[in-house]
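Here are a few exercises to work through with the model open beside you. Try each task before reading its solution.

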Amino acid sequence: MYAYDEIDRTLVNERVSEFRDQVKRRLSGELTEDEFKMLRLQNGVYLQLHAYMFRVAIPYGTLASNQLRQLAHVARKYDRGYGHFTTRQNIQFNWIKLAELPDALADLAEVGIHAMQTSGNNMRNVTSDQWAGVAPGEIEDPRIWSELIRQHTTLHPEFSFLPRKFKIAITASDHDRAAIKIHDIGLRLIKNEKGETGFEVLVGGGLGRTPFIAKTIKHFVHGRDILSYIEAILRVYNQYGRRDNIYKARIKILVHELGIEKFSREVEDEWQHIRNSSLQIDDEVIEDIRSRFTYPAYEKLPHMPDELRQAAADPGFEAWRKNSVAPHKNQGYSIVTISLKPIGAPPGDATAEQMDALADLADKYSFGEIRVGHEQNLALPHVAKRDLPALWKALDKLGLATPNVNLITDIIACPGLDYCSLANARSIPIAQELTRRFSNHELANLIGRLHINISGCINACGHHHVGHIGILGVEKNGEEVYQITIGGRADENAALGNLIGPGVKFDEVADVVEDIVEAYLALRERPEELFMDTVKRLGVEPFKERVYATR
Amino acid sequence: MTSPLEQKKIKIAGPSVVTANRTWDGIVVYRTAANGWSADLSDAAIVRNSDEAKALLAESVADDVGAIGPYIAPVQIGADGKVQPGNLREQIRRTGVTIGSPVQV
Amino acid sequence: MPLVNGGKIVDDSFAKLAVDTPLPAGGDILVPAERFLSEREALLARGGKVGVIWPNNRDISELAPHLEKLAAVALVFPTFRDGRAYSQARLLRERYNYRGELRATGQVLRDQFVFMLRAGFDSFEVKKQADAEAFMQTAKRYSVFYQPTGDGRVTALHRRMQLRHSEGVGT
């Protein structure tokens, strides 16, 4: 965990008092909505269909138990008793009153949480691998760098009014769990031949109306130069990014229009001016930040404790363990993913009671730490293996032990037309129906790893372009219609999915997905060939045939 | 549903109302004939042609402190005279999410 | 539109000239970029001070050779959402060492003062009287800054280093 010091806390409190003044001026009419809009957005406040929506930052997806409890408190006191975890490791509340927002922010500030830059045209919450610091084989903990960048990008005086939003993600593992290739800047932590830490820098990824996979702009930027290099990218973007058309304002369009070579020359020129400035980070600064990340005092524990051996007889436990428990870098410990995708429920939602109970479980079994992943699930990162059976029982009671992580019912979905004022179609009911269709655990397991992503409009908050099966809701003649793509992926081999054919109606989506899955089961060469590999091998055609033969 | 936030031209095909969200708490409101806002659709002023719609929208926009993001939304009027939302989006805004709250589940 | 300079509301000594306004005999003038570039000699030969209004979509490096002769540079925020002039301001101060008046014009609200001060602005054409009056109070709203800029404020990272070292001395 990163512990805020007095300096961080002071800034958060100053921000709360500024926003309190802004809300007061808005409610008195001193600020017009046009003026206030950007100010509220910079504090995570949107207007949705039913009310204001309030998005709270969870930097790089790391939460302490007291912070999760405070989120539960906000859900209970200022909202309707639940929150929604998002694809950028944040949480949002759907019914907050503007007049009460400053109080909610003040309550969150008590535990070092804020909503700065969770929306608006600025640098958004820095995201990272939800297994950072505990994943086996990780080069080093990317959160040290995430925190450095978080600080640098918070209330940045030059880059708070960019052409459009700007998202940075960092990974330090071979397997990319942070989806860095669909971010404005993706950073892959690597070591050079001298063993020094640096980054491969990718730029210009993003989904939305015009999706792009990020391109490598520089193969190695030394850690000490990373802030100046990011600053150079942003300075080029701030000056030349398009401001005439909201759909062409992201950096991906600038990179695409200039071409990566010309764009990288611009960045390089700018960087040469500023790399030897006060932006250069000396080792002492890194060490200072590193020193404020505390790690648990792990015990020396056996690889296979008796508790685990005994529990193996319980098929319910075994199904969950095989699905939701991952290896930890320390022997005797595990990383436990907590599915927020129970059958028939909205993906990513958690009630205040669940959050409170999870905070207690984190204290008891995970050194008080919780993680949030971009798949809209949570994780307990430091669970002793001997505690797994007891943890499973407790999670099961809370409805949080659905063994469907990475399976077809582990669906990523945006809020869609049920909540969102931008949406053209509903997402959540589609997800709910799909989870019911594939609720049989044996069937889901037989299908294997398969990610379904659903967005209710072209803005692609559900990342449908990179779903193994992607579902995009659009509107046609006043009706909800869904376009279906296959073959996308968000990991280190990120790719955009391909459309299988004409859109289908709301009631047909689940049938079509069933057809696609049946086609896959029939077409795969062997049980180990995953859906995305079969699609890669055979292309869209056989799936298209199957789906449209009878329609 | 095409987002009404992109509403540029005012052209209405049938009876319509002006709807927005109340500034201080964000709840869904409808413009009334008495130059105010109501949370109840049955209180809404009904407009039936573009000129009426334009006038009602203009007066709604002018009340920037009262409510935000006003736009024109279609309604249907039943045989009994009851006013109903004219599309799915407005139906959802009026009656809430179609999926049940996780709190009650 | 009130002008804030040096933290106070002051009278504006500069007259803004359009591209074709006849040149007044005396007094300080602010002229658009293209007029400055085309009539530079004549403008500078006059008695009063000369400043330029530089648009936010024109490369600021073009202005660099002329900075010594300029008493003021006015940068433009056509809307408060358009942040290009923040980069221009920092380049003027930090790369081209411009030391004259740097004025923010256009949509200038109190909620941008801290950012503008940090980017190097020292003069503000404020849209609303109440915001101009609240300048000093608003400018002091923050005491913690994460980024180094040309304004010389101590960043959080450096403050931590100082604290560390002072603690180190004691032990």
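The exercises below go from chain contacts to single elements, and the model they use is a predicted one.

**Exercise 1. Sort out which chains touch.**
Work out which pair of chains has the most contacts, and what separates chain B from chain C.

Solution. Start with the touching pairs: there are 2 of them, and the one between chains A and B has the most contacts. Next, check chains B and C. They do not touch, and their nearest C-alpha atoms sit 18 Å apart.

**Exercise 2. Describe the side of chain A that touches chain C.**
Find how many residues take part, which elements supply them, and what their character is.

Solution. Count first: 31 residues of chain A contact 29 residues of chain C. Then look for elements of chain A that give two or more residues to this side, and you get H1, H2, H5 (143-153), H6 (226-240) and H9 (283-291). Helix H1(A) gives the most, with 6 residues. Finally, split this side of chain A by residue type: 10 are nonpolar, 12 polar and 9 charged.

**Exercise 3. Take a closer look at H1(A).**
Check the span of this helix against the expected one, then list its buried residues and say what covers them.

Solution. H1(A) covers residues 6-27, which makes 22 residues. From first C-alpha to last the helix reaches 32 Å, close to the 32 Å expected at 1.5 Å a residue. Now for burial, taking 20 or more other C-beta atoms within 10 Å as the cut-off. The buried residues of H1(A) include Leu11(A), Val12(A), Val16(A), Phe19(A) and Val23(A), and charged ones too, among them Asp8(A), Arg15(A), Glu18(A) and Arg26(A). The cover over the buried residues of H1(A) includes H2(A) (33-41) and H4(A) (101-109). Past the helix comes Gly29(A), with a positive phi near 90 degrees.

**Exercise 4. Find the middle of the largest nonpolar core.**
Name the residues with the most contacts inside this core, and follow one of them outward.

Solution. The largest nonpolar core holds 235 residues, and Phe54(A), Ile233(A) and Ile516(A) have the most contacts inside it. H6(A) supplies the largest share of this core, 9 residues. Pick Ile233(A): leaving out residues up to four places away in sequence, this side chain's residue touches Ile185(A), Val203(A) and Val267(A).

**Exercise 5. Place strand E1(B) among its neighbours.**
Is E1(B) enclosed or open, and which strands does E1(B) pair with?

Solution. Begin with burial: 6 of the 7 residues in E1(B) (16-22) are buried, so the strand is largely enclosed by the rest of the structure. Then go to the partners. E4(B) (67-77) runs antiparallel to E1(B), joined by 6 bridges, and Arg22(B) faces Ala67(B) across that pair. E2(B) (28-31) is antiparallel to E1(B) as well, over 3 bridges, with Asn21(B) opposite Val28(B). Last, the turn: E1(B) and E2(B) make a hairpin with 5 residues in between, where Gly26(B) has a positive phi of about 85 degrees.

**Exercise 6. Sum up chain C.**
Give the make-up, dimensions and burial of chain C.

Solution. Chain C has 6 helices and 8 strands, in the order β-β-β-β-α-β-β-α-β-α-β-α-α-α along the sequence. Its C-alpha trace spans about 70 × 35 × 30 Å along the principal axes. Of the 171 residues of chain C, 36% count as buried.

Terms used:
Residues numbered from 1 in each chain as written. Chains lettered and ligands numbered in written order. Predicted model: local features only at pLDDT ≥ 70, side-chain atom pairs only at ≥ 80, totals over all residues. Buried ≥ 20, exposed ≤ 12 C-beta atoms within 10 Å, placed from the backbone. Helix = DSSP H or I, 4+ residues; strand = E, 2+ residues; numbered from the N terminus. Pairing = 2+ DSSP bridges. Contact = placed C-beta atoms within 7 Å. Expected span 1.5 Å × (residues − 1). Core = buried A, V, L, I, M, F, W, Y, C linked by C-beta atoms within 7 Å.
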